[in-house]
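Work through the exercises below with the sequence and the structure open. Each task is followed by a solution in steps.

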Amino acid sequence: MAADNAGNADSTVEGPARLAAELDRLTEERVDHRFKALPPDADGLTVGELAAQRRNLFTGGFTTPVLALSAERLEHNLALMETYSERHGLAFAPHGKTSMAPQLFARQLERGAWGITLAVPHQVRVARAFGIDRIFLANELVDAAALRWLAAELDSDPSFRFICYVDSVAGVALMDAALREAGATRPVDVVVELAAGDGARTGVRTEAECFDIANAVASADTLRLVGVAGYEGEVPDATPERVHAWLRRLTSLAVELDKANRFADLDEVVVSAGGSAWFDAVADVFAEIPELSVPVLKLLRSGAYVSHDDGHYRHLTPFNRVPQEGTLEPAFRLWAQVVSRPTPEQAFANAGKRDAAYDLDLPEAQVVRRDGVEGAATGMTITGLSDQHAWIRTTPEGELSVGDWIGMGLSHPCTSFDKWQLIPLVEADGTVTDYIRTYF
């Protein structure tokens, strides 16, 4: 099956051609019981054959619950962040952990992305299996087995560009030892991760320690220091002022390392930040970076924008602060069916924790579909989730019957994608045009 063989195509084919070939192989995967919600009568078809039928999500045999990704809203979001990055002079490496969908990686690269950001070695292996040739790992990599694999991957493909964090002298020592044991011939590019403050997540707490790490990297032939990075989303008690101040610490660190000749012999210095809540601040501060000894790659890493959401990121998006720059659109809707209406105040639908993101907010009841007609989900509130049930509280105006389809908005894209292996891509009229394969 195609998914099981991903990456087995000719590894000498590089970059876009290899990615296109691997995506074509996805269309050859057979539809069967592994994939939630797909029409039972489609078993045995390839994904490509099913997509070519252009079935309707509501009348084409799909079973509930079913997660739908809006084709139009996805395209809108991709185009908006491409335009935003270009307008602000930013390179863009969207965080692939959000979707872990190579088809969406390809769409992001087509929209001008420099590369793809990832978080753990497994994700890097997925991206490499599909021919992604620029990867930013927003984490320190100290796993010896992963470093052996990485060394072999770098040695076998001169076009592969890989960058990862370092945030400790101990981490540098572990990386160096593993790469030496692996016989690495190409150094691994690293950026010093500056912590967003005391009590933040990973990263170096002080600039003095950053210089200690830079010195350790300089002493390790297996590593090459190429810049600085961090995640402003971890700034404690974040306000625009505090986030801007921390980002200026990050860019000042790059300036001081450059003055200390730590970036000698590079073609460019990497300065990277940017989650999905403060990329406007990143654009502001990165625009202030002075001229260094070599050009600066100003690398933004936002990821949740690709589908956006109806909860957490709807409230956090920087476009709320800069509406003149555009508006992201929530692209997910989870459809479930009402399976019980035990009282006038209570109903239950057949989607629960196994189907819907719930780690940040509960789903939001948006529309009800009955006999082909959609109406607003007035007087309906989702109050809880069981494994396979949504608890719906209804007021007198909440007209809801057993058998109705209820469409729900979700919060937190990262834990929406990871519950579905094959997600229908749906046009506004319900036509399913493609299926997005995820790898978690």
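**Exercise 1.** State the volume of the largest pocket, and find which residues lie nearest its centre.

Solution. The model is predicted. Step one: the volume of the largest pocket is about 500 Å³. Step two: 26 residues line this pocket, and H95, K97, R201, Y231 and G275 are the ones nearest its centre.

**Exercise 2.** Which elements each supply at least two residues of the lining of the largest pocket, and how does the lining divide by class?

Solution. Step one: β4 (134-140) and α12 (312-316) each supply at least two residues. Step two: α12 gives the largest share, three residues. Step three: sort the lining by class, which yields ten nonpolar, twelve polar and four charged residues.

**Exercise 3.** Describe the second largest pocket in the same way.

Solution. Step one: its volume is about 380 Å³. Step two: 21 residues line the second largest pocket, with S70, R333, W335, E427 and A428 closest to its centre. Step three: two or more lining residues come from each of β1 (66-70), α4 (71-87), β10 (332-343) and β12 (364-370). Step four: the lining holds ten nonpolar, three polar and eight charged residues.

**Exercise 4.** Which residues of helix α6 are buried, and what do they pack against?

Solution. Step one: take buried to mean under 20% relative accessible area. Step two: within α6 (residues 121-129), the buried residues are Q123, V124, V126, A127, R128 and A129. Step three: the buried residues of α6 pack against the helices α2 (15-26), α5 (102-110) and α7 (144-156), and against the strands β3 (116-118), β4 and β5 (161-166). Step four: look just after α6, where G131 has a positive phi of about 85 degrees.

Technical notes:
Residues numbered from 1 in each chain as written. Predicted model: local features only at pLDDT ≥ 70, side-chain atom pairs only at ≥ 80, totals over all residues. Heavy atoms only, no water. 1 Å grid on protein atoms, 1.4 Å probe; cavity = no way out; pocket = protein on both sides within 12 Å on 5 of 7 lines; lining within 4 Å. Points joined across faces, edges and corners; volume = space filled by probe spheres on them. Helix = DSSP H or I, 4+ residues; strand = E, 2+ residues; numbered from the N terminus. Nonpolar A, V, L, I, M, F, W, Y, C, P; charged D, E, K, R; others polar. Buried < 20%, exposed > 50% of the residue type's maximum accessible area, 1.4 Å probe, protein only. Contact = heavy atoms within 4.5 Å.
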